[in-house]
Amino acid sequence: MSAETILVEKLSKTYKVPEREGGFGAAVRSFFKRKYNEVKAVQEVNFRLTQGEIVGFLGPNGAGKTTTLKMLSGLLHPTGGKAHVLGFTPWELKPDYLRSMTLVMGQRNRLAWDIPAADSFLLNQAIYRIPEDEYKKTYKELDELLELGPLMKKPVRNLSLGERMKCEIAAGLLHRPRVLFLDEPTIGLDITGQAHIREFLREYNRRTGATILLTSHYMADVTALCERIIIIHHGQLKYDGGINELSRKIAPFKLIGVILAESNSHDLSKYGTLVRNEEDWEKQYIQVKAEDVTRVTSGLLADLPIHDITITDPPIEDVIEQAFNQ
Amino acid sequence: MNVLKLLSAFLKVNIQMSLAYRADTVVNILLNLMWLGWELLSLGIIFSNTDTIGGWGFGELIALLGVFRLVHTLMIALIWPNTEKFNQSIRDGSMDYTLLQPVNSMFLVTFSRITVWRAWDLILAAILIVIGVNMAGDTTTLLSVLTFILLTVSGTIVIYSLWIVLIALTFWFTKFDNNVTILQALLDAGRYPVTVYPVWLRILVTFIIPIAVATTVPLQALRGDLNLSRVLMFLVIGLASFLVASQVWKRGLKQYSGASS
Amino acid sequence: MFKIFRRLWQVNWAEQWQYRANLIMYLLYWLVSPIIYLAVWTSIAQSKGSVNGLTPNDFVTYYMTLLVVDQITSNIVIHTFAYKVQDGSLSGELVRPIHPMLTNALVNNIAFKALTIMGFIPVWIVLFFLYKPDFSSVTFSGILLALPATMMGFLVGFLLSAAITSLAFWTTRVYSIHEFYFALMLLFSGQFVPLTLMPKLIQDIAQYLPFQLLIYYPIQLILGKLSSTQIVQGYVTGITWLVIAILVFNWVWRNGVKRYSAVGA
């Protein structure tokens, strides 16, 4: 037994992706001679997790987060390096390993769609060979934490996204795994739903001492749950340490979103850097240093006919992008 | 023991699912009866124009219809729904969950969907076989009945193995999701004794897409058309095809996880 | 109008080409049963000399012609259209100023045929060399007479399938209904066996039903097996059913769309 629950050394994954051009001729050519592009999804990543830690695993889309999680859960073979989880090499897929970990992916269903979750739970009990009394105990505990009761009797397709996610997570925890890999467990949920799941994870970790490695798009997930974060970008480890040190390290920014009462003829660039936001055309965004927020806001309110103003954290990807892409 | 427990858990879940679609189940049973009617009528039409086909009489074709329906049930009750589930799980990525469960993945992929009410088809098939054999008046011994059962099982395993190979191919060729149609297409050839077919078709349905191994061959054993070495050969083929299929499945998983070079 | 069809053709051809591997599988599915029936009946006819007056060659030419006729008159509307109603993706097509069924689905079917024919021809040629059929009863005028009849068969079949498919506006069990239609087709079209070998009762009913227009009637025309009265009778039945099919489809479609938009899918 190693001291660490999770030990990752020089873990690498390179995909070979066949190169494809459009058109019939290219298709015929590629049939005879395929060209491959090498995509280095994960490059020599090292980290360790000790028992009971909750660590946020961050990085922009395509950074290699999911690939790493898949290797750690055993779904993918690495092209180099090694990993030990609970003393097992994950990709050997030993039943004893599978019985002591879980992988929950926010966008995938493990529960059968047409029947109540309770029935899928019983199936999991058989698959994981959970003794009856232990099953009852675990279920009771999960029910208490997640308030599953009213959800169990309805067919899964009739549940809301948030309700379904609760059931999905519970289904993944019935066998009391000691290691949890969570890939975007709160994706698509509303604020209350996210908060629920977060609270649950914290409590579950406190009660069982399980080790949790989670990825998320939502900064709030990470700040609420993790004291430590690991950031990867372009497949490389960029940061591993306390979350507070990170905010200090990269100059913290805030986003001020403004809707002007009149037309957008005013030049906002003198207040801060203009940022484009594809999802929200109505608002104009400017990025300012955290310590300047109060000053800039009051300046804006004094100078301009403001219809609406918001102050938000920049999206986590932008922060990381900024911090490491220079 | 654990396998039985798992199977019963799967059965329970699937009974739940078919209860969720009660009306569909009723409609499907009616359609099933309709097709049985058509099958008997079509045999009636054939035998109103001739006494034997390929050396087999009316009773023997009824029995063959019974054996064919066994295979057909395997197809409809297990292979089709699980193929659908499998293809779906490859598309939406839930295959990942299947692979991370501490149970043999081939087992999970085979039994996660079971069209439960089709069980009555098996009873129907058994009735057809008994009636057919009686009508044909062939002399049956305990040994020939035993051989018949063994060969039916091993023939079914051959078809099952072919299916496993076909869906495992999806691990290499992701777009290959109409994989099982070829099996379904040639299945119809199992309705008639292969002795009626020209040589090329006989070879195709015996060796390449071996439908006949599960339909004609067991009945040939029952009729006493097969000598011992033939019987043993077919049993060995059954066993071998299962071993090959599990190997291909393993390779497929390696391909999926990127472990193959 | 012509331009619309040309564009639709380009789009649908490209779409079908995408799925060519799957199409080969479908094609196989399509070809297998006639080939099995061919094998069974020629074998029976060979062992007895003839069945009810039909020689082995009669069976070979019948089923080989059937392969061609079926290739032309069959359609796949139920598979390419019903799901659009169920998952709501039809909405996008309904707001376009062209008829989703009579333009897009129709052209899609034709593109499907154009593609499957490439797989079909080699199979047919192989069968030809395997069985060396004697097609001497086929005449040029027979083929000329059969051409409009085959088109008519395709249209009747397409409109009836389209009407059944449009039942998807009301029920999710449209596939089961289609399965029933398919069984009727087997019974009354001549797909299983030349209708003359069917029980008298089925033959009598079959001549008034539309199903034989898709299979039996065009085959007999091509093979030159019909008297002039029978030819005229066939055309009259065909035109009658074509009118009925147009009316039925129109009615089902219009009410279906009305219902669809009322539900607001």
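Start with chain A as a whole: colour it by secondary structure and you should find eleven helices and 13 strands. Keep in mind that this is a predicted model. Chain A has 326 residues, and 35% of them count as buried. If you draw its contact map, look away from the diagonal: among contacts with a separation of 6 or more, 73% link residues 24 or more positions apart.

Next, select residues 54-58 and 228-233 of chain A. These are strands S3 and S8, which pair in the parallel sense over four bridges. For a landmark in this pairing, show A:Leu58, whose bridge partner in S8(A) is A:Ile231.

Stay with S8(A) and add residues 236-242 of chain A, which make up strand S9. Here the two strands run antiparallel, joined by six bridges. One of the pairs to label is A:Arg228 with its bridge partner in S9(A), A:Gly242.

Now move to the turn. S8(A) and S9(A) form a hairpin with two residues between them. Click on A:His234 in this turn: its phi is positive, about 50 degrees.

Finally, bring chain B into view and turn to where the chains meet. The contact takes 25 residues from chain A and 23 residues from chain B. On the chain A side, select helix H3 (95-98) and helix H4 (117-127), each of which supplies at least two residues. Which element gives the largest share of this side? That is H4(A), with six residues. Colour the chain A side by residue class to finish, and you will see 14 nonpolar, five polar and six charged residues facing the contact with chain B.

Key:
Residues numbered from 1 in each chain as written. Chains lettered and ligands numbered in written order. Predicted model: local features only at pLDDT ≥ 70, side-chain atom pairs only at ≥ 80, totals over all residues. Pairing = 2+ DSSP bridges. Contact = placed C-beta atoms within 7 Å. Nonpolar A, V, L, I, M, F, W, Y, C, P; charged D, E, K, R; others polar. Buried ≥ 20, exposed ≤ 12 C-beta atoms within 10 Å, placed from the backbone.
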